[in-house]
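Visitor: I am new to this structure and should be grateful for a close look at a single part of it. Would you kindly choose one strand and explain what surrounds it?

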Amino acid sequence: MRAVVFEQYGEPAEVREVADPRPAEHGVVVRVEATGLCRSDWHGWQGHDPDIALPHVPGHELAGVVEEAGARVTGWRPGDRVTVPFVCACGTCPACAAGDQQVCERQTQPGFTHWGSFAQYVALDHADVNLVAVPEEMSYATAASLGCRFATAYRAVVQQGRVAAGEWVAVHGCGGVGLSAVMIAAASGARVVAVDVSPQALDLARTFGATRCVDASRAEDTAAAVRDLTGGGAHLSLDALGSPATCAASIDGLRRRGRHVQVGLLPSPAGTTPVPMARAIALELELLGSHGMAAHTYPPMLELVRAGVLRPDLLVTSTITLDAVPSALAAMGTAPGAGVTVAEPWS
Ligand SMILES: [Zn+2]
Ligand SMILES: [Zn+2]
């Protein structure tokens with residue numbers, strides 16, 4: 001099969017022929033019809049993820065068709081239209097037994113713990129735990145955008161953030177996950193403040209339901225701007241970018257007893273990120289993480305997509321071929337970009 005491969009961190013990736021994957025007994029091989037390009041792929045390529053072994057094939061936001069199923073898979077067969085959360089769970093550890101597959105103790109992540117979906121085929125483990133059926137009317141490109149950013153944003157806003165109608169929600173960083181969060185929060189009846197350095201990203205955020213915008217390239221203190229616009233601070237705030245500055249601004253922009261959800265990854269040479277804990281204590285803030293979303297919690301989200309309340313299709317702003325992935329991956333470092341880029345390995 002053809003796949004995007006890199007041999008060294010930060011060195012250009014290339015498209016080349018590699019061996020086709022085989023399914024594990026409990027796994028499947030999926031023919032990849034669409035796969036999203038994500039900032040996590042760029043972090044992985046840069047060597048920020050200790051799970052990656054070289055040479056490596058990135059890619060974790062995928063949708064496609066089951067090509068082959070292992071002998072112990074009972075729920076899926078060749079021809080099924082499927083997607084997966086980027087966290088694939090084992091199905092048997094205590095976290096999985098509690099229904100929290102998104103933090104499985106023995107999780108695998110395509111494109112990180114093993115070869116991913118910037119390829120014509122990808123192997124996925126524990127298919128009966130992890131696969132999600134893609135409805136006939138949903139395109140593969142849309143489905144590919146669900147597995148990482150959209151589902152992560154949905155869990156951050158709805159499941160972890162417990163958004164309520166009428167609340168103020170601040171979203172720091174309006175790339176793929178941030179714009180998804182804006183759309184989901186607005187659809188939940190919240191009033192949304194979008195924060196980004198890019199006027200184009202803020203324009204998109206307005207399109208997706210943000211009622212207030214803070215241009216972080218001009219605002220001296222984005223947290224103060226959010227507090228001003230929301231009459232004292234957001235009820236719920238997300239750092240959807242993942243930087244020490246946006247993390248702190250998200251926390252500093254909350255009102256009393258507000259909830260911060262960290263969604264953007266925070267790789268750091270020091271291994272830790274300073275956060276304003278004094279404010280968390282004094283204002284009784286909640287600081288939460290959000291890590292993907294379990295496959296079994298997809299149905300309410302898919303129902304909102306089916307009903308047209310949520311429109312992940314609008315987030316897909318460009319479609320490229322597999323050959324264009326290496327340069328698009330490299331470009332992510334300097335310009336993460338607004339919206340979602342999807343590669344189609346068979347085009
Ligand atoms: Zn992703
Ligand atoms: Zn598990």
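Guide: What follows is an account of one strand, its partners, and the domains and core of the chain.

The model is a predicted one. The part chosen is strand β3, which covers residues 28-37. Of the 10 residues in β3, 9 are buried, and the strand is thus described as mostly covered.

Three strands pair with β3, and they may be taken in turn. Strand β4 (residues 61-69) runs antiparallel to β3 and is joined to it by 8 bridges. Within this pairing, T35 has L62 of β4 as its bridge partner. Strand β6 (residues 121-124) is also antiparallel to β3, with 4 bridges between them. Here L124 of β6 stands opposite V28. Strand β15 (residues 340-344) is linked to β3 by 3 bridges, again in the antiparallel sense. In that case the residue facing L37 is T341 of β15.

T341 leads onward to another strand. It is touched by I320, whose contacts also include V325, A328 and A343, when residues up to four places away in sequence are not counted. I320 itself belongs to strand β14, residues 316-321. Is I320 buried, or partly exposed? It counts as partly exposed because 15 C-beta neighbours lie inside 10 Å, whereas a buried residue would need 20 or more. Between the C-alpha atoms of I320 and S347 there are 8.5 Å, although 27 residues separate the two along the chain.

The wider setting may now be considered. The domain assignment divides the protein chain into domain 1 (2-149 + 293-344) and domain 2 (162-289). Taken over C-alpha atoms, the centres of these domains are 27 Å apart. Where they meet, 15 residues of domain 1 are in contact with 15 residues of domain 2. On the side of domain 1 that touches domain 2, helix α1 (residues 39-45) gives the most, namely 3 residues. That side is made up of 7 nonpolar, 5 polar and 3 charged residues.

Finally, there is the nonpolar interior. In soluble globular proteins, nonpolar side chains tend to be buried together. The largest nonpolar core of this model has 111 residues, and V171, A181, V182, A194 and A205 have the most contacts inside it. Helix α4 (residues 140-160) contributes the most to this core, with 13 residues. Both domain 1 and domain 2 supply at least three residues each to the core. As for A205, its contacts beyond four places in sequence include C174, L179, V182 and A194.

Methods: Residues numbered from 1 in each chain as written. Chains lettered and ligands numbered in written order. Predicted model: local features only at pLDDT ≥ 70, side-chain atom pairs only at ≥ 80, totals over all residues. Helix = DSSP H or I, 4+ residues; strand = E, 2+ residues; numbered from the N terminus. Buried ≥ 20, exposed ≤ 12 C-beta atoms within 10 Å, placed from the backbone. Contact = placed C-beta atoms within 7 Å. Domains from an automatic or database assignment. Nonpolar A, V, L, I, M, F, W, Y, C, P; charged D, E, K, R; others polar. Core = buried A, V, L, I, M, F, W, Y, C linked by C-beta atoms within 7 Å. Pairing = 2+ DSSP bridges.
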